[in-house]
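Subject: Structure handover

Hello,

Here is the structure I said I would pass on. Please open it beside this message, and read the notes below with it on screen.

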Amino acid sequence: MYRKSWIVIMAAAALLAAAAFLVGGPAWGIGGVYKPNSAKAASLTGLIGSTGSAQAFQAAPVSWAAQTSEVSQAVQASLVTPAPLAAKTAGSNAKTVYLTFDDGPSKLTAGVLNILNRYKVKATFFVLGQQAQHSPELIRQIEDGGHAVGNHSFDHNYDKLYHNFSDFWGQIKQTEEILRNITGSRPQLVRAPGGTYGHFDQTYFSLMDQAGYKVFDWNVDSGDSARKGVPASDILKQATESGGLQQVVLLMHDGGGHENTVKALPKIIEYYQAKGYSFATLTPDVKPVQFRVGGSIPQNRQEPSQAWIDSHITPNAALFDSRILPLALTAGGVQTVLNGGEYEMSGGRFMVPLRTTMERLGGKVSWNPDSGQAEVKWGKGRLMLRPDQGLDVHSSGNTLWVSLRSLLEGLGHPVVKVAKAVDGWQVKAS
Ligand SMILES: [Zn+2]
């Protein structure tokens, strides 16, 4: 799985970027520009943006823009990290390198784990659902070694992933479910196949953020997937050209065909150890390194509807909430609250206990043992529910759990709004 050949960013793009930065900080402002490789490589990994207003890291020197032009000065000006922000984000002078391995697990992964173990360093593996399905034991080995597992989509197919956001989402959730079945937890870290540049538009960034995911690009590229058979010496060279970055997110691959990355790895680790870096896994608390929106993003994407966002994106964020918030429900003119523990989040759905919920709304539930169905009566609505009716209804002990959305819809009160406030969830139905 080799990424597209590198995109050459031209001075015009830099000018636009600088202008965008200078006119007042759009949400997806430019965090910095860096040039990881030698000047003659004539390629640029990407322009880094960050999702917040603050910058994620210190920019490395730029050497590619014409030094004498005003364009260059504007770009340089945009690279200066404001002092208070630098102080705030750096926290200390600690230098950290985040080794990341994409496209595995494969038959090379065990070798990578052995090396990491030998040097007692931790790394992050952005795995493919397809690969994880074939080698669940390797996913467990990664976890057991104290490394982090991130989501890298199911099959890495750009055409599918970057056609529409809902296709990308489908692969993220599919992979998440595979990993959850293996490890018992959902990965919150996501890396876009090929990186976000030229792939993510603002919708992709913002919906992934709203859904609770942390999307990580990189700021140093080992170049190990620039083409097939990149020699280990080249990988070592590029992996260590980090321009003095304090926080290095290093892109490498442990997918099939990357034997030379494994060969280069010991020397890469030794380099960063010698430079005084500590090694850590990425976590949701690490400020994401993200490329800016740009490049040849596919056109004519279908924007997800508000209804789709309400049912897929908004509830998803609760999956990564450490606290369980109360759920305030308004339906048919009645208001009630389900406290944490009185409802569940499952696959981005609110699942509620049928009898409790209906009684609170003033409805009635009766069980018909002959038909094996529960009958729900509420106002003019009437609904028959059978346990294990797909994903929407399941029984647990004596309780029938049902998707809140399906329940209300079935009773003629479709959900019109799902919102998350500081003090809890709000679900409004007609
Ligand atoms: Zn990849």
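In what order do the strands of the open sheet of 4 strands run? The order is β14-β15-β20-β19, and the pairing is antiparallel. At its edges are β14 (344–346) and β19 (393–396), each of which pairs on one side only. From one strand to the next, the twist averages 30 degrees. Within this sheet, β19 and β20 (residues 399–403) are joined in the antiparallel sense over 4 bridges. If you want one pair of residues to look at there, His394 stands opposite Trp401 in β20.

Before going further, a word on confidence. This is a predicted model. The pLDDT of the protein averages 80, and 77% of the residues score at least 70. Residues 3–91 have a pLDDT below 50, although this stretch has 148 contacts in the model beyond near neighbours in sequence. Where pLDDT is low, the predicted coordinates should not be read in detail.

Now the overall picture. The protein has 430 residues, of which 42% count as buried. There are 14 helices and 22 strands. Taking contacts between residues at least 6 apart in sequence, 71% join residues at least 24 apart.

The second sheet to look at is also open, with 3 strands in the order β16-β17-β18 and antiparallel pairing. Its edge strands are β16 (364–368) and β18 (381–385), and each pairs on one side only. The twist here averages 20 degrees from one strand to the next. β17 (residues 373–378) pairs with β18 in the antiparallel sense over 5 bridges. Val376 has Leu383 of β18 as its bridge partner, and Trp378 stands opposite Gly381 in β18. The two strands β17 and β18 make a hairpin with 2 residues between them. One residue of that turn, Gly379, has a positive phi of about 55 degrees.

Strand β22 (residues 424–429) has two partners worth following. With β12 (residues 327–331), β22 pairs in the parallel sense over 4 bridges. Here Leu327 has Trp425 of β22 as its bridge partner. With β21 (residues 415–421), β22 pairs in the antiparallel sense over 6 bridges. A hairpin of 2 residues joins β21 to β22, and the bridge partner of Ala421 in β22 is Gly424. As background, strands of a sheet pair through backbone hydrogen bonds, either parallel or antiparallel.

Next, a helix. Which residues of α6 (residues 136–144) are buried? They are Leu138, Ile139 and Ile142. Seen down the axis of α6, the buried residues fall within an arc of 105 degrees, so they line one face of the helix. Glu137 and Asp144, on the other side of α6, are exposed. What do the buried residues of α6 pack against? They pack against α4 (109–119), β4 (123–127), α5 (129–134), β5 (148–151) and α8. Just after α6 comes Gly146, with a positive phi of about 85 degrees.

Ile139 turns up again in the largest nonpolar core, which has 64 residues. Ile139 is one of the residues with the most contacts inside this core, and the others are Met208, Val220, Ala239, Val248, Val249 and Leu250. Helix α8 (residues 165–183) gives the core its largest share, 7 residues. Another core, of 26 residues, lies apart from it and includes Ala374, Leu400, Leu411 and Trp425. Trp425 is the residue already mentioned as the bridge partner of Leu327. In soluble globular proteins, nonpolar side chains tend to be buried together.

Last, one residue to check by eye. Arg355 is in helix α13 (residues 354–360). Is Arg355 buried, exposed or partly exposed? A residue needs 20 or more other C-beta atoms within 10 Å to be buried, and 12 or fewer to be exposed. Arg355 has 18 other C-beta atoms within 10 Å, so it is partly exposed. Its C-alpha atom is separated by 9.9 Å from that of Val402, with the two residues 47 apart along the chain.

Regards

Notes
Residues are numbered from 1 along each chain as its sequence is written. Two strands pair if DSSP finds at least two bridges between them. Axes are lines fitted to C-alpha atoms, for helices over the stretch in contact, and angles run from 0 to 180 degrees between N-to-C directions. pLDDT is the predictor's confidence in each residue, from 0 to 100. Two residues are in contact if their C-beta atoms, placed from the backbone, lie within 7 Å. A nonpolar core is a set of buried Ala, Val, Leu, Ile, Met, Phe, Trp, Tyr and Cys residues joined through C-beta atoms within 7 Å. The arc is that of the directions from the helix axis to the C-beta atoms.
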